[in-house]
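Reader: I want to know how the labels on this model were earned. Take me through the reasoning, label by label.

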Amino acid sequence: MALEWVVLGYAAGAEAIMLLLLTLPGLGQIRTGLVTVTRNALKPLLSVVPFCLFLLMDIYWKYETRPTCDDEHACSPTEHLRHQKSIMKSQRNFLLIAAALLFYWLLFSITNLVVRLDLLSQRVEKLKRQE
């Protein structure tokens with residue numbers, strides 16, 4: 001199952017890099033190319049959403065079927081350590097899922113805002129030329 005988390009980490013990293021490049025000031029002509037690349041990448045990156053839902057169900061299943069160590073003497077120290085590691089991995093993986101979904105939503109919203117801004121600036125320039 002580690003491969004799924006690596007793929008999700010790379011997808012979240014790619015989303016974060018595109019988000020950073022879109023929001024950097026002063027890029028001028030490069031921004032139009034970045035917007036085009038980002039808009040074309042949004043549809044394939046949409047597959048992150050059901051993938052994250054699948055991984056959330058996996059975390060939930062692991063949470064429901066994990067062994068419990070409620071009493072002090074119910075588990076050996078190695079079982080207790082394994083239990084704690086499992087909980088920490090689940091928390092880390094949940095944060096990765098949340099970050100990937102948040103980055104996708106931000107990327108989608110900011111790309112739409114940049115496209116609207118470009119359209120409005122083109123309209124303003126067109127109106128200035130008409131006057």
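**Labels and their grounds**

Author: Asp58 and Lys62 lie four residues apart in helix α3 (residues 48-65), so about one helical turn separates them. Note that the model is predicted.

Reader: What makes Asp58 and Lys62 a salt bridge?

Author: Their closest N and O atoms are 3.6 Å apart. The cut-off is a Lys or Arg side-chain nitrogen within 4 Å of a carboxyl oxygen of Asp or Glu. The pair therefore qualifies. The structure holds one salt bridge.

Reader: Why is Asp58 called buried?

Author: Its relative accessibility is 11%. Buried means under 20%, so the label fits.

Reader: And why is Lys62 called partly exposed?

Author: Lys62 has a relative accessible area of 37%. Partly exposed runs between under 20% and over 50%, so Lys62 belongs there.

Reader: How do you know that Tyr10 is exposed?

Author: Tyr10 has a relative accessible area of 63%. Exposed means over 50%, so Tyr10 passes. Tyr10 sits in helix α1 (residues 2-23). With Leu3, Val6 and Val7, Tyr10 forms a nonpolar surface patch of about 440 Å² accessible area together.

Reader: Why does Thr111 count as buried?

Author: Thr111 has 1% relative accessibility. The limit is under 20%, so Thr111 is buried. Thr111 lies in helix α4 (residues 77-130). Beyond neighbours within four places in sequence, Thr111 contacts Leu22, Thr38, Arg39 and Leu42.

Reader: What describes the packing of α1 and α4?

Author: Their angle is about 35°, and their axes are 9 Å apart. The crossing of α1 past α4 is left-handed. Residues meeting there include Leu22 in α1 and Thr111 in α4.

Definitions and conventions: Residues numbered from 1 in each chain as written. Predicted model: local features only at pLDDT ≥ 70, side-chain atom pairs only at ≥ 80, totals over all residues. Heavy atoms only, no water. Patch = residues over 30% accessible without salt bridge, like charges linked within 9 Å, V, L, I, M, F, W, Y side chains within 5 Å. Areas by Shrake-Rupley, 256 points an atom, 1.4 Å probe, with all protein chains shown as cover. Helix = DSSP H or I, 4+ residues; strand = E, 2+ residues; numbered from the N terminus. Buried < 20%, exposed > 50% of the residue type's maximum accessible area, 1.4 Å probe, protein only. Contact = heavy atoms within 4.5 Å. Axes fitted to C-alpha atoms, helices over the stretch in contact; angles between N-to-C directions. Left-handed = near helix turned anticlockwise from the far one by under 90°.
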